[in-house]
Amino acid sequence: MMDYLAQLAAVVHGTRVADLPASTIKASKLVLLDTIGAIVAGSRLPENTRLAKMAAKRAPHGGSTLLGHGLKSDSLLATLTNAAAGVALEMDEGNRLGGGHPAIHVIPGALAVAEEMGAGGARFLESVIAGYEVGSRIGGATLARPNVHSHGTWGTISTAAAVAHLHSMPADEIRHVINLSASMSPANTWTPALEGATIRNAYPGRSGLEGILAVDLHRAGFTALADAPSDVYGTILADAFNPADAVAGLGEGFRIEQNYFKFHACCRMNHPALDALMALRAEHRFTAEDVTAVHITTVPFGLRMAETEPRSMLSARFSIPFAVAAALVLGRTDTAAFEEQRLEDTRIRAMAKRVEIAKDDAMALKRADYPTAHVRVALRDGRVLMRSTGVVRGDAANAVAAEDVTGKFLSLASDPLGARRAREVIEAVEGVDGLKDVRDLSALLVPALI
């Protein structure tokens, strides 16, 4: 009987578009489109624009696209740059079952290397599905320590698995690459996110860069532990790591079909409260001026997200009071609700002070059998409105239509790429598995010339 790493490596090696269910192909294309949208939208932030220019200057002859820019770099720096942009607006997808945000930890690296290789679209899509599977499963087997951020933690493995598949490595070599990459896992904390330090946005890019490097180290002859995930996650980054969980149900479906798409531009742990609040607002037609107090009971980590006066837009995205206040005052929770000028909006600042946070130790975002948030809104007319959220909208267990994901993409990508170009990207992603060269897709991921 193969050990868990051999089983995972076999899945990476054996993933073929021709053998995959139509549902897996459809899901992977939506995840790809959603991730591209998050990257190109985030690419416009000043620090990401500067990073792209520096990456292009450092590797002027590189063949990997810096999404949202008319620039290229090498695969290492392109991965770093694109992944950093992809998490900057908190719109990248994730997976409730494990791995945090698997797509942003696999797509930037897989795309950058596929471009360098001139790989076909089908091979690229296979690598994304395989890397996503391994990263989500290793993440799901890990009980991370309370201050360990999911970004970057399993990303080296996700990218390394995807790149190994692109290079058609045999299963035993993929296993070795997984072990090498696990020993290169970054140690990242929640503190920068909560305090608004944008170094946090570099987490996925750093891990993706090291995932590519893990394949290079393998080829150079570096040796690895026999079970590096158990070493790194079992002794340093986590309170527990259970290898059996990493392969439970393996082969019964792909994790990329069980993801969630984000429709609020902030930390996932805000979403249960925001779902309930926006539903109450739509049903009862009250305004921010009608509200005297908001009480939110949510997952225990929510107590760390109780800052009422965030000092940057990143920390605002990790503040439940700010997100709730912005939703009430502005009536929206998209990227426009978290623009820089919102920090000084006196209406939002005043409303945030009326939001109280409590925890329920039984609440967990992984659960589908118990609420993830309970919201109580007190109004000036004496009414008290209440609503609970279970699985958040956009999760595979509370799915949205494909058109909703496409609409989200257009809202993110039409401005940086141009409306016509954004629609061309949708068509290209839909047909990605038929592309002879993935560069036919990446050529569209830069602003259209007018």
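**Exercise 1. Work out how helix 7 and helix 10 cross: is the crossing left-handed or right-handed, and what angle do the axes make?**

Step 1. Start with the handedness: in this predicted model, helix 7 and helix 10 cross in a right-handed way.

Step 2. Now the geometry. Two packed helices are described by the angle between their axes and the distance between the axes. For helix 7 (residues 155-166) and helix 10 (residues 203-220), the angle is about 45° and the axes are 7 Å apart.

Step 3. Put a word to that angle. Helix 7 and helix 10 are therefore oblique to each other.

Step 4. Look at who touches whom. Helix 7 brings Gly155, Thr156, Thr159, Ala160, Val163 and Ala164, and these meet Ser207, Gly208, Glu210, Gly211, Ile212, Ala214 and Val215 of helix 10. Sort the residues of this contact and you get six nonpolar, six polar and one charged.

**Exercise 2. Now try helix 4 and helix 5: which residues meet, and at roughly what angle do the axes cross?**

Step 1. Find the helices: helix 4 covers residues 75-87 and helix 5 covers residues 107-117. Their axes come within 8 Å and cross at roughly 145°.

Step 2. Check the handedness, which is right-handed for helix 4 and helix 5.

Step 3. List the partners. On the helix 4 side are Ser75, Ala78, Thr79, Asn82 and Ala83, while helix 5 offers Pro108, Gly109, Ala112, Val113 and Glu116. This contact splits into five nonpolar residues, four polar and one charged.

**Exercise 3. Go hunting for rings: how many aromatic pairs does the structure hold?**

Step 1. The count is six aromatic pairs.

Step 2. Take tryptophan 190 with phenylalanine 318. The ring centres are 6.1 Å apart and the planes sit at 70°; over 60 counts as edge-to-face, so that is what this pair is.

Step 3. Place these two along the chain. Tryptophan 190 is in the loop between helix 8 (171-182) and helix 9 (191-195), phenylalanine 318 is in the loop between helix 14 (313-317) and helix 15 (320-330), and 128 residues separate them. Tryptophan 190 and phenylalanine 318 are both buried.

Step 4. Next comes phenylalanine 322 with phenylalanine 338, a tilted pair with 6.0 Å centre to centre and 45° between the planes. Phenylalanine 322 lies in helix 15, and phenylalanine 338 lies 16 residues away in the loop between helix 15 and helix 16 (346-352). Both of these phenylalanines, 322 and 338, are buried.

Step 5. Finish with a cluster: ring pairs tie Tyr4, Trp154, Tyr233 and Phe241 together.

Key:
Residues numbered from 1 in each chain as written. Predicted model: local features only at pLDDT ≥ 70, side-chain atom pairs only at ≥ 80, totals over all residues. Heavy atoms only, no water. Axes fitted to C-alpha atoms, helices over the stretch in contact; angles between N-to-C directions. Helix = DSSP H or I, 4+ residues; strand = E, 2+ residues; numbered from the N terminus. Parallel < 35°, antiparallel > 145°, perpendicular 65-115°, else oblique. Left-handed = near helix turned anticlockwise from the far one by under 90°. Contact = heavy atoms within 4.5 Å. Nonpolar A, V, L, I, M, F, W, Y, C, P; charged D, E, K, R; others polar. Phe/Tyr/Trp six-rings, centres within 6.5 Å; stacked < 30°, edge-to-face > 60°. Buried < 20%, exposed > 50% of the residue type's maximum accessible area, 1.4 Å probe, protein only.
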